[in-house]
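Biologist: Please take a close look at the second largest cavity for me. Start with what surrounds it, then work outward to the pockets and the aromatic packing.

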Amino acid sequence: ECMTLCERAICRCQRCEESTDNEHDCIRALKPGQSPYRALLETLELTNTKLTLQLINDNNKVRLLLELYRLQGNMTRVKINELKPLKPRFEVPDVLINDPPTEPLSLLSQDENGVVLSLGADSQWLIVSAKPFRLDIMEGREVLLSLNSRGLLAFEHLRIRTVTSAELVLNVVCPGWLFSPTGPSSISLDFSLPGVEHVYGIPEHADSLKLKTTDGGDPYRLFNLDVFQYELFNPMALYGAIPVMLSHSAQRTMGIFWLNAAETWVDISSNTAGKTVFGQMLDYVQGSSETPQTDVRWISESGIIDVFIMLGPTPTDVFSQYSSLTGTQAFPPLSALAYHQCRWNYNDQEDVAAVDQGFDEHDIPYDFIWLDIEHTDGKRYFTWDPHKFPQPKDMLQGLVDKRRKMVTIVDPHIKVDSSYKIHNEIRSKGFYVKNKDGGDYEGWCWPGNSGYPDFTNPEMRAWWASMFAYDQYEGSMENMYTWNDMNEPSVFNGPEVTMHKDALHGNWENRDLHNLYGLYVQMATAEGLIERSGGVERPFVLTRAFFAGSQRYGAVWTGDNTAEWEHLKISIPMCLSLGLVGVSFCGADVGGFFKSPSTELLVRWYQTGAYQPFFRAHAHLDTPRREPWLFGPENTALIREAVRQRYALLPYWYQLFYHAHHSGQPVMRPLWVEYPQDTATFSMDDQFLLGEDLLVHPVTEEGGRGVTAYLPGKGEVWFDVHTFQKHNGAQNLYIPVTISSIPVFQRGGSIIPRKARVRRSSSCMEHDPYTLFVALSPKRFAQGELYIDDGHTFNFDKQKQFIHRRLSFANKALSSRNLAPGSQFITPSWIEKIVILGASKPSKATLKTPDGKENLLEFEFDASMSVLTLRKPGVNAGVDWTVVLQ
Amino acid sequence: MSCALLLLLTSLALVMGTGTAVEIQRPRGVPQSKRQFYEENKPFTCLDGSSTIPFDQVNDDYCDCRDGSDEPGTAACPNGSFHCTNAGFRPAFIPSSRINDGICDCCDTTDEYNSGATCQNTCREMGRKERESLQIMAEITKEGFLLKQQLIHEAKRGQEDKQGKLTELQGSKKGLEGKMEALRTVKKTAEDPEKEAKERHLKSWEEQKELIRMEKDKTRMAEAFLELDDDADGYVSVAELQSHLELDPDSDGSLTETETQGLLGGAGKVDTSTFETVWSGIKDKYLSEVSTYVMKTYVIQSFPYPKGSPGSGRSNEVSIIRFENANVCTLLSASQSLICGPEFIWICRNLEKEIGFDFGPSAEFAYLYSQCYELSTSEYIYRLCPFNRVSQKPKFGGSETNLGLWGQWAGPEENLYSVMKYDHGQGCWQGPNRSTTVKLTCGKETVVTSTSEPSRCEYLMEFTTPAVCQEPASLDEVLHGHTEL
């Protein structure tokens, strides 16, 4: 007897998981073998945009409809639904940014065994085999990917179902987990990836960057949950779910995007995973090795199969392909890339003022101070505690005066309280999620009994957005932004601390769209922040729950981590995994949320966080205070230095986010993204790249005396950004470290702009001059960019108000030229200093400006480090110029 | 490229008190004390000596010196500092990073000369306010310091008193202990003869008891003989004895002739003198025909406790000793309870504790001992009992929570007595034990002025007391001491 997914879910809810063998799971228990599905070739229809074909399950005669699309940008979409479902099955809305544009498929050949279709010019074919049904994507003679080659396509078709008495009993034990009225509706499909040994992605899991095989264990689970004190190196579900997997080999990078918002499991197996290095060697020597292959299998509890196969072939291509489907990273206000100071909770206005003052006294920059749930009047969001925060505008004005900002929390659970305006309006408008009997669904959360607005309803979202208007959200001001927490959603008394699966969002059960809820909350909130400014200002919204497409709305963080060294380490693969699937704006709570960090851990976490995209310190209510200056002057200085390094590098961060926004390239990258042929990098997750030019290997070991960083790139060089020492690429470099060390290297061949004048907030640095760090390649070449705009509005997009320049060093000349001729922006910032690493001593340096003027520049040359420093070119950052070295 | 224009600054400073305006020229951001190092048209040497640059590179918005000294008036150096004269108020140094950052830091507005920020010169106003508050503070300090002198004086007296009292108590304790020792000796001397007498008395009593017992046995034997000699022929025969079944040696229920003869020592009958031997063999089992009840009573009565006296001539002696002994005991126990009683111990211990407390260098905090001070907030009543404990009680019902017990002085090294630490209060769920830091500031009155909980279960209390008031500097010094002219 096997269990359906629903039964398994019930079982999990009852916490009897231990005693349940996974193999008993009906759909997962399917063994690879002959698929019962057969393609009915006579039903084949080919139009300009797609191919349709019916499939029949020879066991039960239920027919499915297959749709195949060739999408622009080297992607294939495979959609499978019941041909005639009892009622429509859920198809995920609002995640794709548009109906993906198609390209015509052409039929190359057809016989009774199947059809061959052309996927375009790259000699790529799609082969549809009829019996058993199977799809293969080929390039030349090579199979890139096969679907249903293991025969695991499964579709629990909808049926009229009578509830058994046993199920009724289960429903009493675990209300909300009962089968939907149309019975179990799970779907499944397998993918085989020949030549692939490394797969990545499918966040959110607290696990290594390279995904592990799941044979004999639990599958990776995607189901948004509020997990208390999560465990590490574990495939268990966390707060967010992005059903996108990347495969990578030295030859090719591909992606599989499984567009389904129901509870989802991913099984991974590999024919090489079990082999020892010796075994692999033996295979190699004997020449008997089978091709390495990774097999993946996706299962979802409901919905349809809608899968996008991104064919790469490079990592960059996959990022472009995925972002063409779900959009790119929201371009955050510059200040959101600076340092955030958070705590559950800053007690009152005086506390906020004192912490603000503390940063100035200790000369540590910060941009945002955050208020957690205690700032509200009894956990009624959009309100203020009248005793602790009687004058929120005064407080916010105090921050404006320091050119700083605030974030307040707005969670999606609404206190059921007839004297609370927000609740009354949602109730009267019928905007709450309903229970299966049609009443408002209620659950326990921070405020006690709470309702959950139905964010899947566009009218609800519009109303929610309107609540952020300055006249609606009393006490709010332009420098106040928003944090959406608990949006899995968290329901304290719900099964697995979340919403009952039979709760209703309009006609759909939560079961169908569970993983979308958090995305919608952030979407509506971000829209609110845009609207309140009349569409002028970029929003900043942090979310804990997320789905594919959430990158369009702001930042995510890795939830309620713990002040332990292992949690510091896991922050790297967790954010790398998110970056691979579109979410660049990722961070972990600096210091760790639960428990109290040792001083050393806190310092190391600041040093690591300073080089991760979202840089926010946060702490649990029950932990002792940990503002940076509370650990003695030495540690204050260490933290100050880490934060200052962040601020100095903000121009580069901003430029990376511009690119993430523009083209979907991740900000924080695994090494293999830039060195796709270097197999040594494929499993690395203790170091990472920022863009392509900075390599960071933070110290994450307690009492660390040194780290071994891998500097990639044969024939390349890397420069230590602190000492300017040059190191060769393609080597493991041991770097002795002290407590002040943050090992960071700049790639030879790159130019990185910084602002050396670190001030108390990023806004204060807006007009400051730039210092250019030019790191020469062995061929004495370097290239970089400079991106500048107003830092906070959409004018860069709507009115092309920005500066984007190409900086390049070649033939002993460094020049700046315009990369965006259609754009226009005026900056008072100028070029303060140019530091050329790996340089030789010139006899003179001449600055040439467009007006034809030539000025000799003073310079300094450090022969021991081969560092040439050009003194004060003084030229405006937005104009053409050239510096010639002679 | 407009920065070189900003090289020099003409600043006006009012010489305090005279009102005469003097013009001073010096590079922007340099304090008067360092003016000499910035000589116009002469090469400038970084103040750390690291390098020498042409003077036109001073304040040219480019950092040349490692110590930041070439850019006192711009934000170019990461480690520089800018001097605001703040005429009318206090001069100050600010980090260079705050120059032209759009935020007014110097009250004379000199830090924002090129940022577009509109700053108001608030120095005079601030100076006025500060003078006012300094004046108030100075008055408070002055009065507070006087109060403190008084406190020190009282504390000294109190300390002496207490020391005196303790010494006195300790003296009297010693005296009492001496007395007790003497009494113990007396008691012992008195008790020794009593013990002997008691032993003698017991011995003779035992002898007498034995005599009585023997006499009684004899009587009983005679009575038994009479009882048994049914025919009154002066002999107890086998037949006469056989009726006493209780004497059956094998307890089989019948007393045979042979068995009876055995009891009579093999004879057919015995006379009174021979019966003596027979009696010793049967007396334990023999049941009187008259009444077993009488027998039992008799047995019980044969062991009276030798209380009182059987009428010996020594009884008077014993009672005298006892009388004297009772007196000694009363004295002893009275002294004992004085020395070892809870009250005495409590007083002594408290005095010792109080004398042992660190009440500050001149015991100026001694007056706080055994006092309590309360502060009422919207939700709680906070209670500080210095050198004892801090607690919190909900205003509207609920039990008191211990926020910490006296721990130690916890101020910084140079000002140890400015902070009190109370710890080991009630435990917090998933957290530490509650603790409270009390910050002391100078005030005329002794009051708790505020409480807060900056971190979960870590409380902060502000407390004013004259005991921390420092000797006031003269007001002029306070107001003008650091004013640069």
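Modeller: Helices and strands here are DSSP runs, with at least four residues for a helix and at least two for a strand, numbered from the N terminus. The model is a predicted one. Now to the cavity. Strand β28 (508-509) and helix α10 (510-513) of chain A each give at least two residues to the lining of the second largest cavity. That cavity has a volume of about 120 Å³. Its lining holds 15 residues. Nearest the centre are Lys87(A), Leu158(A), Ser185(A), Ser302(A) and Asp512(A). By class, the lining has six polar, five charged and four nonpolar residues. The structure holds nine cavities of 30 Å³ or more.

Next, the open spaces. The largest pocket encloses about 1,700 Å³. It is lined by 49 residues, and those closest to its centre come from both chains: Asn347(A) and Asp348(A), with Ser452(B), Glu453(B) and Pro454(B). From chain A, α6 (349-361) contributes the largest share of this lining, seven residues. From chain B, β10 (380-385), β14 (435-442), β15 (447-455) and β16 (458-465) each supply at least two residues. Charged residues number 19 in the lining of the largest pocket, beside 15 nonpolar and 15 polar.

The second largest pocket holds about 1,500 Å³. Its lining has 42 residues, and Phe724(A), Ala756(A), Phe773(A), Lys833(A) and Pro78(B) are closest to the centre. In chain A, α14 (632-648), β42 (770-775), β46 (831-837), β49 (859-862) and β50 (867-871) each give at least two lining residues; in chain B, β4 (52-53) does so too. The classes here are 19 nonpolar, 12 charged and 11 polar.

Chain A also carries an annotated stretch. UniProt, in an unreviewed entry, places the feature "domain: Glycosyl hydrolase family 31 C-terminal" at residues 664-752 of chain A. That span is 38% strand and 4% helix, and its end C-alpha atoms lie 20 Å apart.

One open sheet of chain A is easy to trace. Three strands run in the order β23-β25-β24 with antiparallel pairing. The edges are β23 (414-415) and β24 (442-445), each pairing on one side only. Four bridges join β24(A) to β25 (448-451) of chain A. Across that pairing, Cys445(A) stands opposite Gly448(A).

Last, the rings. Over all chains there are 65 aromatic pairs. One of them is Phe331(A) with Tyr787(A), edge-to-face, 5.8 Å centre to centre and 70° between the planes. Phe331(A) sits in the loop between α5 (315-326) and β20 (339-341) of chain A, and Tyr787(A) in β43 (782-788) of chain A, so the pair ties together parts 456 residues apart in sequence. Both residues, Phe331(A) and Tyr787(A), are buried.

Chain B offers another edge-to-face pair, Phe359(B) with Phe387(B), at 4.7 Å centre to centre and 90° between the planes. Phe359(B) lies in the loop between α7 (342-356) and β9 (373-376), Phe387(B) in the loop between β10 and β11 (389-394), 28 residues apart. Buried means under 20% relative accessible area. Phe359(B) has 2%, so Phe359(B) is buried. Phe387(B) counts as buried at 4%.

Back in chain A, ring pairs build a cluster; among its members are Phe368(A), Trp370(A), Tyr481(A), Trp483(A) and Phe540(A). Trp557(A), Phe585(A), Phe614(A) and Phe657(A) belong to that cluster as well.

Terms used: Residues numbered from 1 in each chain as written. Chains lettered and ligands numbered in written order. Predicted model: local features only at pLDDT ≥ 70, side-chain atom pairs only at ≥ 80, totals over all residues. Heavy atoms only, no water. 1 Å grid on protein atoms, 1.4 Å probe; cavity = no way out; pocket = protein on both sides within 12 Å on 5 of 7 lines; lining within 4 Å. Points joined across faces, edges and corners; volume = space filled by probe spheres on them. Nonpolar A, V, L, I, M, F, W, Y, C, P; charged D, E, K, R; others polar. Pairing = 2+ DSSP bridges. UniProt positions renumbered as here; feature names shortened; annotations may be inferred. Phe/Tyr/Trp six-rings, centres within 6.5 Å; stacked < 30°, edge-to-face > 60°. Buried < 20%, exposed > 50% of the residue type's maximum accessible area, 1.4 Å probe, protein only.
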